[in-house]
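Student: I would like a close look at one part of this model, with its packing explained contact by contact. Please start there and then follow the connections outward as far as they are useful.

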Amino acid sequence: MKLFPPVLLHYYITRLCNCRCTFCDIPGEGKDDEIRFADPQQVIHNLAQAKKLHIPFVDFTGGEPLLHPQLAELLRYAKKLGLRTSVTTNCLLYPQQAYTLKGLVDFLHFSLDALDESLHNHIRGNNVYSAVMHSIDLARELGEAPDLLYTVTNENIAELEPLAEFARQMRLILIVNPVFIKPALANRNLPLLEQFNRHPNVYLNRAFLRLRSRGGNSVSHPRCRAVSSTLVISPDNHILLPCYHFCRDKLPVPAGFAEIFTSKTWREYRSMQGRFNFCAGCTINCYFDPSFLYASDCYLLESLAAKARYALTKYIHHKFHYPDKSGARLRAAEIAGIINRRKNRLIHAD
Ligand code: SF4
Ligand code: SF4
């Protein structure tokens, strides 16, 4: 069977985080025996190996990746190799690092889960809203094109409309990321997501919705290709199998990446991807997004269509429509006010 290399390297450069989001179980405690940050020399070596294998994308993740003291150097090296880079940040540290990171991140994502300040801060477990608003303004001043990453839960689903409007007015893209840990997004909320699928500033991969409406991954006919499509490396330099969230095996990263794909363990995990008991009903977006590219079916077509729309909006439409200079916080407050007044009118009309 022909072996296509993974399309994505998910590099966990730290497990530490300065937020405590209600839907996340990642943050490490920084215990003495825990490797706090990936060793920069190891990362550099692994990036070169990834390039040799023609892995095109590297996502520096965590934890909060901006806590890694050498993030900028690692990004710079990845860019020098010609890799496409992505970083998602909660924005607490972005204002301090914006100038250093400028031009180094191809896909820069700012997490924003509500236009309502107190709700966002509650979800994030820290007072982070002001930093997000400031980061948007700063990034735009620097010529960066950040996306907003909205993790949608049953608690903040009503924020979809205000966030989409905010994205439209700020000429940003709102990436809708349905929560994948329990409690999962209720099926009754899926039609609302469908409604916003054609919103020009909303990126929502319909393949995710299809997968969810079918009850997630099926272990008898798995759609997951986590092992084939994604290489996951931990801060302590191990390959995690079959995926980060349900890691069952850790292989020390070998000197040459080609060795991974000939190893018996990796091959066994590849043949079992999506077939373990814990894979039943799985909808972990970060693995399905690349997985959808690894079989020819409707999931592949819907994914490609979503990505084409994203590229069109971001690189063509937004490029020729420069935003005005209104600050993000002011815009957010105006939109929240308009939506609240509309809701109040509807309540009184009832
Ligand atoms: S910011 Fe990210 S890593 Fe940190 S707690 Fe929230 S979701 Fe988890
Ligand atoms: S189905 Fe989910 S849990 Fe199973 S290997 Fe894939 S991503 Fe991991």
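Tutor: Two residues are taken to be in contact when their C-beta atoms, placed from the backbone, lie within 7 Å. The model is a predicted one, and the packing described below should be read with that in mind.

Let us begin with Leu174, which, once residues up to four places away in sequence are set aside, touches Leu148, Tyr150, Leu163, Ala164, Ala167, Asn201, Val202 and Tyr203. Leu174 is also among the residues with the most contacts inside the largest nonpolar core, which has 85 residues, and it shares that standing with Val132, Leu148, Tyr150, Leu163, Ala167 and Val176.

From here the path leads to helix α8, whose buried residues pack against β6 (174-178), α7 (190-195), α12 (285-291) and α13. The buried residues in α8 are Ala207, Phe208, Leu211 and Arg212. These four lie on the same side of α8, because the arc they cover around the axis is only 135°.

The pairing of α8 with α13 can be followed in more detail. Helix α8 spans residues 206-213 and helix α13 spans residues 298-317, and their axes come within 7 Å and cross at roughly 145°. The residues that meet are Arg206, Ala207 and Arg210 from α8, and Cys298, Tyr299, Glu302, Ser303 and Ala306 from α13. Sorted by class, this contact holds four nonpolar, one polar and three charged residues. Ala207 thus appears in the list of residues meeting α13 as well as in the list of buried residues of α8. Beyond the helix comes Gly215, which follows α8 and has a positive phi, near 85°.

A few backbone details deserve attention as well. Most residues other than glycine have a negative phi, and most peptide bonds are trans. Arg171, found in the loop between α6 (160-170) and β6, has a positive phi near 55° although it is not a glycine. Arg171 counts as partly exposed because it has 18 C-beta neighbours inside 10 Å, where 20 or more would make it buried. Asn237, placed in the loop between β8 (230-233) and β9, likewise has a positive phi, near 65°, in a residue other than glycine. With 16 other C-beta atoms within 10 Å, Asn237 is partly exposed too. A cis peptide bond, with omega near 0°, runs from Leu241 to Pro242, and Pro242 lies in the loop between β9 (238-241) and β10 (249-252).

Some single residues show how burial and contacts go together elsewhere in the chain. Ser228 lies in helix α9 (residues 226-229) and counts as buried, because 21 C-beta neighbours are inside 10 Å. Apart from its neighbours within four places in sequence, Ser228 is in contact with Pro6, Arg270, Gln273 and Tyr294. Arg275, 47 residues from Ser228 along the chain, has its C-alpha atom 14 Å from that of Ser228.

Thr88, in strand β3 (residues 84-89), is buried as well, with 23 other C-beta atoms within 10 Å. Leaving out residues up to four places away in sequence, Thr88 touches Thr61, His109, Ser111 and Leu149. The C-alpha atoms of Thr88 and Pro65 are 7.5 Å apart, although 23 residues separate the two along the chain. Thr100, by contrast, sits in helix α3 (residues 94-101) and counts as exposed, because it has 12 C-beta neighbours inside 10 Å. Its C-alpha atom is 6.6 Å from that of Ala72, which is 28 residues away along the chain.

Finally, the surroundings of the ligands. Ligand 1 is surrounded by Cys17, Cys19, Arg20, Cys21, Cys24, Ile26, Pro27, Gly62, Gly63, Glu64 and Asn90, a shell with six nonpolar, three polar and two charged residues. Ligand 2 has 14 residues around it, of which Cys224, Cys243, Cys279, Cys282 and Tyr287 come nearest. The shell around ligand 2 has 11 nonpolar and three polar residues, and no charged ones.

Note on methods. Residues are numbered from 1 along each chain as its sequence is written. Chains are lettered from A and ligands numbered from 1 in the order in which they are written. This is a predicted model: local features need pLDDT of at least 70, side-chain atom pairs count only at pLDDT 80 or more; totals for chains, interfaces and linings use all residues. A residue is near a molecule or strand if its C-beta atom, placed from the backbone, lies within 6 Å of it. Ala, Val, Leu, Ile, Met, Phe, Trp, Tyr, Cys and Pro count as nonpolar, Asp, Glu, Lys and Arg as charged, and the others, Gly among them, as polar. Axes are lines fitted to C-alpha atoms, for helices over the stretch in contact, and angles run from 0 to 180 degrees between N-to-C directions. Helices (H or I, at least four residues) and strands (E, at least two) are DSSP runs, numbered from the N terminus. A nonpolar core is a set of buried Ala, Val, Leu, Ile, Met, Phe, Trp, Tyr and Cys residues joined through C-beta atoms within 7 Å. The arc is that of the directions from the helix axis to the C-beta atoms.
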